[in-house]
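Me: I would like to learn how to read a model step by step, beginning with a pair of packed helices and then moving on to single residues. Could you take me through it?

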Amino acid sequence: MRRAGSENSGPSRASKAAMEPESLYNLLHLPGKEDPPAEEELSQGEKRKFLPPTSRNNPKFEELQKVLMEWINAELLPEHIVVRSLEEDIFDGLILHHLFQKLSGLKLDVEEIALTAASQRRKLAAVLESVDQSLQLEEPQAKWSMESIFNKDLLATLHLLVALAKRFQSDLPLPTNVQVEVITMERTKSGLKSEKSVEQLTECGCLLDLSAEDVFDELFKLAPEKVNAVKEAIVKFVNQELDRLGLSVQNLDTQFADGVILLLLIGQLEGFFLHLKEFYLTPSSPAEMLHNVTLALELLKEEGLLSYPVNPEDIVNKDAKSTLRVLYSLFRKHKLKESTDGVPQRSPN
């Protein structure tokens with residue numbers, strides 16, 4: 001991506017495409033004896049996530065693991081249990097069993113020591129069932145499963161532990177806005193396919209530094225009857241800009257969820273050229289939609305337009321308030337500036 005009129009200064013900032021297995025293997029960095037699966041190790045249609053070196057070496061990602069490990073060890077100190085690796089020590093359900101009992105005060109009816117893989121799976125499944133009930137999560141909502149935890153999926157393990165910390169120790173100083181790039185491998189009829197996406201592990205902490213409510217909190221709470229009027233004004237502004245591209249928006253709540261129109265709108269208003277390799281023009285999965293929306297929010301932050309933190313997953317999930325916040329940041333700069341100055345605040349296309 002580059003600004004309109006600027007020279008191409010290097011490779012695009014993000015790319016997505018099916019990669020050859022050989023080049024993909026060079027990107028992967030896995031601990032210990034675990035290796036990227038050969039094509040024959042994945043069944044048809046099976047997907048598996050891996051963390052590239054840049055994600056594993058991300059300082060905030062490492063800090064998150066350190067904080068969680070220290071928290072678990074402090075909780076289980078009376079039981080003389082020590083965790084040295086979240087990836088290696090949580091999978092069999094033993095530590096999770098003791099931690100959940102300590103946090104919740106519940107006594108779980110599971111075997112204390114499970115030595116075989118079958119018994120470990122049974123124990124882990126029972127513990128996770130109790131955890132999900134306590135967190136009031138349905139299975140599709142949880143970002144972990146018995147299989148992912150048992151297979152030492154670090155991302156799933158971190159999602160689980162972060163959820164437990166938020167539920168039982170909300171004052172735990174988790175690093176904020178931890179995002180990591182993940183690579184998903186899938187076996188298709190034509191061979192191994194991979195795609196990159198961004199996974200959010202902790203929320204943006206900017207919320208802690210701001211008033212609990214912003215203008216849209218006030219609007220939705222105190223004047224819900226005016227929400228539609230605000231939407232109409234923003235949709236009119238958006239369609240004036242998108243008309244040059246032959247596009248239009250009818251439903252603000254749903255049409256920005258995949259990030260495509262949002263990226264095209266930002267490019268139109270801010271003078272960016274977006275290469276097709278940088279985003280998914282026709283996203284076909286939530287991960288591809290999240291990639292698009294995350295890229296759009298990064299562009300807005302770089303331009304200093306996003307004054308209120310927005311979780312990209314909220315946009316993908318069609319949260320109207322979050323979508324309004326993002327679009328209003330553009331509306332405020334361009335429409336309101338034109339209204340006061342009478343001069344467009346961007347370079348003409």
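Reply: Let us begin with a helix pair, keeping in mind that this is a predicted model. The handedness of a crossing depends on which way the near helix is turned from the far one, and in this model the crossing of α3 and α5 is left-handed. The contact is formed by Trp-71, Ile-72 and Glu-75 on the α3 side, and by Ile-95, Leu-99, Lys-102 and Leu-103 on the α5 side. By class, the residues of this contact comprise five nonpolar, no polar and two charged.

Me: At roughly what angle do the axes of α3 and α5 cross?

Reply: The axes of α3, residues 59-75, and α5, residues 94-104, cross at roughly 70° and come within 10 Å. Angles of 65 to 115 degrees count as roughly perpendicular, and α3 and α5 are therefore roughly perpendicular to each other.

Me: Which residues have a positive phi although they are not glycines?

Reply: Two cases can be read here, and for each it helps to look at the backbone angle, the place in the chain and the accessibility together. His-80 has a positive phi of about 55° and sits in the loop between α3 and α4, the latter spanning 86-89. Lys-152 has a positive phi of about 60°, and its place is the loop between α7 (146-150) and α8 (154-168).

Me: Is His-80 buried or exposed, and how does Lys-152 count?

Reply: Exposed means over 50% relative accessible area, so His-80, at 73% relative accessibility, counts as exposed. Lys-152 has a relative accessibility of 27% and therefore counts as partly exposed.

Me: What does Gln-120 touch, leaving aside residues up to four places away in sequence?

Reply: Gln-120 belongs to helix α6, residues 117-135, and with that exclusion it touches Phe-91, Asp-92, Ala-114, Leu-115 and Phe-150. Its relative accessible area is 12%, and because buried means under 20%, Gln-120 is buried.

Me: How many helices and strands does the protein chain have, and what share of its residues is buried?

Reply: The protein chain has 15 helices and five strands, and 45% of its 349 residues count as buried. Among contacts with a separation of 6 or more, 64% are between residues 24 or more positions apart. As for the surface, the chain exposes about 18400 Å², of which carbon and sulfur atoms supply 51%.

Terms used. Residues are numbered from 1 along each chain as its sequence is written. This is a predicted model: local features need pLDDT of at least 70, side-chain atom pairs count only at pLDDT 80 or more; totals for chains, interfaces and linings use all residues. Side-chain values use heavy atoms; hydrogens and water are left out. Axes are lines fitted to C-alpha atoms, for helices over the stretch in contact, and angles run from 0 to 180 degrees between N-to-C directions. Helices (H or I, at least four residues) and strands (E, at least two) are DSSP runs, numbered from the N terminus. Angles under 35 degrees count as roughly parallel, over 145 as roughly antiparallel, 65 to 115 as roughly perpendicular and the rest as oblique. Contact means heavy atoms within 4.5 Å. Ala, Val, Leu, Ile, Met, Phe, Trp, Tyr, Cys and Pro count as nonpolar, Asp, Glu, Lys and Arg as charged, and the others, Gly among them, as polar. Buried means under 20% relative accessible area, exposed over 50%, partly exposed in between (1.4 Å probe, protein chains only). Accessible areas come from the Shrake-Rupley method with a 1.4 Å probe; for residues, only the protein chains shown count as cover.
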